[in-house]
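Got the model open in your viewer? Switch to a cartoon, keep the side chains ready, and let's walk through it.

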Amino acid sequence: MDHFLTSVMTSHGYLALIIFAFVEACCIPISSEITFALAGWLASQGKFSLALVIGIGTLAEMGGSLTSYAIGRRGGRTLLDRYGKWILVSRTDLDRAEHLFAGRGSWVVAIARVLPLVRCFASFGAGVVEIPALPFTIFSAIGTAAWAAALSLLGYNLGDTVTKFFHSFSVIGIVLVVVLVLGLIAHRVHAVRKDAHRPAGA
């Protein structure tokens, strides 16, 4: 993968992996797909250990997941209404997570933690609907470990293919990444602004 995408990870090593994984699990929409796939690719280059990428990444995500869960249990929607806009999280995001949990057992946490987009808000939603702490921890760990392992292995095994593409089309690749990031931010800002005009109980 292009130096533009790998510089932070290569410069700061496992610390960057820990920070990115922890923050993403705290409801801040950083792409865990890129984080773990990139770390897996670096492992294939001998810069990381694949086992440590999966292990450390899972623990960091669990730290963020438990933090998000605790905040959801303590503050719930009131906290989201007050501060959600600053991290580009809308009430609609939480609605989706709550809908996923409604009428189902704690096991659904494991499923939620491997669903793109939903996984970012799943732990907070689980806290809001007061899923018991022990089952939440167990099922969140299962889902998180599966997600981290799958993406890391994907990056480990397919990283060279992606790397060749980025080296061949580096300028296009950088432009695409920038456009995707800006598009994601614009989408999140629109969602938060739309929620701001929605009655709190709607």
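What follows is a stop-by-stop tour of confidence, salt bridges, one serine and the aromatic pairs.

**Before you click**

This is a predicted model, where local features need pLDDT of at least 70 and side-chain atom pairs count only at pLDDT 80 or more, while totals for chains, interfaces and linings use all residues. Residues are numbered from 1 along each chain as its sequence is written, and side-chain values use heavy atoms, with hydrogens and water left out.

**Stop 1: colour by confidence**

Colour by pLDDT, the predictor's confidence in each residue, from 0 to 100. The protein averages 76, and 61% of the residues score at least 70. Now find the two extremes among the elements: helix α2 has the highest mean pLDDT, at 89, and helix α9 (residues 170-196) has the lowest, at 58. Helices here are DSSP runs (H or I, at least four residues), numbered from the N terminus.

**Stop 2: the salt-bridge network**

Select E24, E61, R113 and R119, and show their side chains: salt bridges link these four in a network. A salt bridge is a side-chain nitrogen of Lys or Arg within 4 Å of a carboxyl oxygen of Asp or Glu. The structure holds 3 of them.

Start with E24 and R119, where the closest N and O atoms are 2.9 Å apart. E24 sits in helix α2 and R119 in helix α7 (residues 118-128), so this pair ties together parts that are 95 residues apart in sequence.

Next, E61 and R113 meet at 2.6 Å, N to O. E61 belongs to helix α4 while R113 is in the loop between α6 (108-112) and α7, so the link spans parts 52 residues apart in sequence.

Then centre on R119 and E61, whose salt bridge is 2.9 Å, N to O. With R119 in α7 and E61 in α4, the pair ties together parts 58 residues apart in sequence.

Are R119 and E61 buried or exposed? Both are buried, meaning under 20% relative accessible area (exposed is over 50%, partly exposed in between; 1.4 Å probe, protein chains only). E24 is buried along with R119, and R113 is buried along with E61.

**Stop 3: S65**

Stay on helix α4 and select S65. Its relative accessible area is 0%, so S65 is buried. Which residues does S65 touch, leaving aside its neighbours within four places in sequence? It is in contact (heavy atoms within 4.5 Å) with A25, R113, S123, F136 and S140. Draw a distance to S123: the two side chains share a polar contact of 2.5 Å. That term covers a pair of N or O atoms within 3.5 Å; within protein, one must be able to donate a hydrogen and the other to accept it, and residues adjacent in sequence count only if both atoms are side-chain atoms.

**Stop 4: the aromatic pairs**

Rings of Phe, Tyr and Trp (its six-membered ring) pair if their centres lie within 6.5 Å; planes under 30 degrees apart count as stacked, over 60 as edge-to-face and the rest as tilted. By this rule there are 2 aromatic pairs.

Go to Y14 and F48: their ring centres are 4.6 Å apart and the planes lie at 20°, so the pair is stacked. Y14 is in helix α2 (residues 14-25) and F48 in the loop between α3 (32-44) and α4 (50-83), so parts 34 residues apart in sequence are tied together. Y14 is partly exposed at 24% relative accessibility, whereas F48 is buried at 10%.

Finish at Y69 and F136, with centres 4.2 Å apart and planes at 10°, so this pair is stacked. Y69 lies in helix α4 and F136 in helix α8 (residues 133-168), so the pair ties together parts 67 residues apart in sequence. Both rings' residues, Y69 and F136, are buried.
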